[in-house]
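User: I would like to learn how to read a two-chain model feature by feature, with the general idea given before each case. Could we begin with how helices and loops are assigned?

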Amino acid sequence: MCEFEKKLITWMDCETEAVEALEIERHLRVCTPCSARAREYREVSRSFADYCRAIASRKNSRPLRWAAFSAAAVLAATAAMAMLMLFPRVDPLPIQRPAIAEAPAMALRTAPVNPAAPAKLIRRRLRAKRAEIPQAAWSLEPSVEIAIPIEAVFAPGAVPPGFRFAAQLSIANDGSSRGMWLRP
Amino acid sequence: MSGDGFPFALPASRFAAVNQEATTLFEQLRKPLLRYLICLGLSADEAQDVVQDAFLNLHRSLAGGAAHQNGRAWLFSVAHNQARNRQKSYHRRFGRPLEDGVLEMLDESTPEHAVLKKEKFRQLSSAIRTLTEAERECLLLRAEGLRYREIGEVLEMATSTVADTVDRAVKKLAEKCNV
């Protein structure tokens, strides 16, 4: 090991006497291993300083991120309040009650479809199932009605203008949904 | 006037000079001090508190007529001791700074640069774990631009010991990082 190698770090940090520093610089011009070592030490020192800076900026940026998040939340809440104050109440759209008496309700939900069975047979089974369902089960007046604009259900342009759907939802006594179907 | 209060009876010219000196030091050293404290393991809020306390102490000391030959070493020393006290009072380990989370926030210009830097930081992070507490503190203070004599003042070490410690620490890092 070269005798100057011990002094390289103190020389790099400008902590050596001027005379000694000159001596080291002269040596580095001719000694390739020492100059490579000096480069290595300088590089690792720079990486360490970068690392410290990265840690400090990461820790300091956290409160800023939270502040930005909080500011965004406050802005959103203010905007929502302003909207509520400007447009206090929106009347619900008039709902066209569908003629639900003809809807093939329970049959669609309950009939298991065998893909291997011929279409004619499936239709026959569906008709038989429909006949089994007591009329009162699905022709009752709906107690809850929800109007959903068609634009919210289908992609824009997917439904021709003037075309309307009505949805009927059947709810059991325990509150669970028993079936839902759409009718044009 | 209590011992903790500001000596408001200072002449205006003296008060202005003290203010000027403290402001200059604040502008120069606030960020390096924060970085050092955060790298020691304090949270950003704690580091801010310690820095504020250190500058308040400096102001009091200057206003009290004390003359600091080396304000930088004095401030780092005060901040270092306060950080030590805080960490002792919170029953935390002092030697667990410089964690890995930094790898997640690297934002380099190209993905190749990001990958290279991430790899370099990963190596460095594992190399830092092999350093002793004194070696780590010496390197941190050196990274903030303190001279060996100042590091010695902060850590209460002889200058020659600081030189040896820094030498040993840099060589360890270079060896582990395969630069």
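Analyst: Helices (H or I, at least four residues) and strands (E, at least two) are DSSP runs, numbered from the N terminus. In this predicted model, for example, Glu156(B) lies in the loop between α6 (148–155) and α7 (159–177) of chain B. Residues are numbered from 1 along each chain as its sequence is written, while chains are lettered from A and ligands numbered from 1 in the order in which they are written. Because this is a predicted model, local features need pLDDT of at least 70 and side-chain atom pairs count only at pLDDT 80 or more, whereas totals for chains, interfaces and linings use all residues.

User: Which pattern of elements does each chain follow along its sequence?

Analyst: Chain A has seven helices and two strands, and its pattern along the sequence is α-α-α-α-α-α-α-β-β. Chain B has seven helices and zero strands, so to speak a pattern of α-α-α-α-α-α-α.

User: How should I read the confidence, and which helix of chain A has the lowest mean pLDDT?

Analyst: pLDDT is the predictor's confidence in each residue, from 0 to 100. Where pLDDT is low, the predicted coordinates should not be read in detail. Chain A averages a pLDDT of 73, with 58% of the residues scoring at least 70. Among the elements of chain A, helix α4 (residues 105–110) of chain A has the lowest mean pLDDT, 49, and helix α2 (residues 18–30) of chain A has the highest, 94.

User: What span does α2(A) reach from its first C-alpha to its last, and how is burial judged?

Analyst: The expected span of a helix is 1.5 Å times one less than its number of residues. With 13 residues, α2(A) reaches 19 Å from its first C-alpha to its last, close to the 18 Å expected at 1.5 Å a residue. For burial, a residue is buried if 20 or more other C-beta atoms lie within 10 Å of its own, exposed if 12 or fewer, and partly exposed in between, with C-beta atoms placed from the backbone. By that criterion α2(A) is hardly covered, the count of buried residues among its 13 residues being zero. For the chains as wholes, 11% of the 184 residues of chain A count as buried, and 36% of the 179 residues of chain B do.

User: Which residues of α4(B) are buried, and which are exposed on the other side?

Analyst: Helix α4 of chain B covers residues 111–128 and includes Phe121(B), which counts as buried because it has 20 C-beta neighbours inside 10 Å. The buried residues of α4(B) are Phe121(B), Leu124(B), Ala127(B) and Ile128(B). They cover an arc (that of the directions from the helix axis to the C-beta atoms) of only 115° around the axis, which puts them on the same side of α4(B). On the other side of α4(B), Pro111(B), Glu112(B), Val115(B), Glu119(B) and Ser126(B) are exposed. The C-alpha atoms of Phe121(B) and Cys177(B), 56 residues apart along the chain, are separated by 9.1 Å.

User: How many residues does the largest nonpolar core have, and with which residues is Leu173(B) in contact?

Analyst: A nonpolar core is a set of buried Ala, Val, Leu, Ile, Met, Phe, Trp, Tyr and Cys residues joined through C-beta atoms within 7 Å. The largest one here has 57 residues, and those with the most contacts inside it include Leu33(B), Leu37(B) and Leu173(B). Its largest share, 10 residues, comes from helix α1 (residues 12–40) of chain B. Two residues are in contact if their C-beta atoms, placed from the backbone, lie within 7 Å. Leaving aside its neighbours within four places in sequence, Leu173(B) is in contact with Val44(A), Phe48(A), Leu124(B) and Ala127(B).

User: Which element gives the most to the side of chain A that touches chain B?

Analyst: In total, 23 residues of chain A are in contact with 26 residues of chain B, and α3(A) gives the most to the side of chain A that touches chain B, with 19 residues.

User: How should I read a positive phi, and where does Cys14(A) lie?

Analyst: Most residues other than glycine have a negative phi. Phi of Cys14(A), however, is near 55°, and this residue lies in the loop between α1 and α2 of chain A. Phi of Glu156(B) is likewise near 55°.
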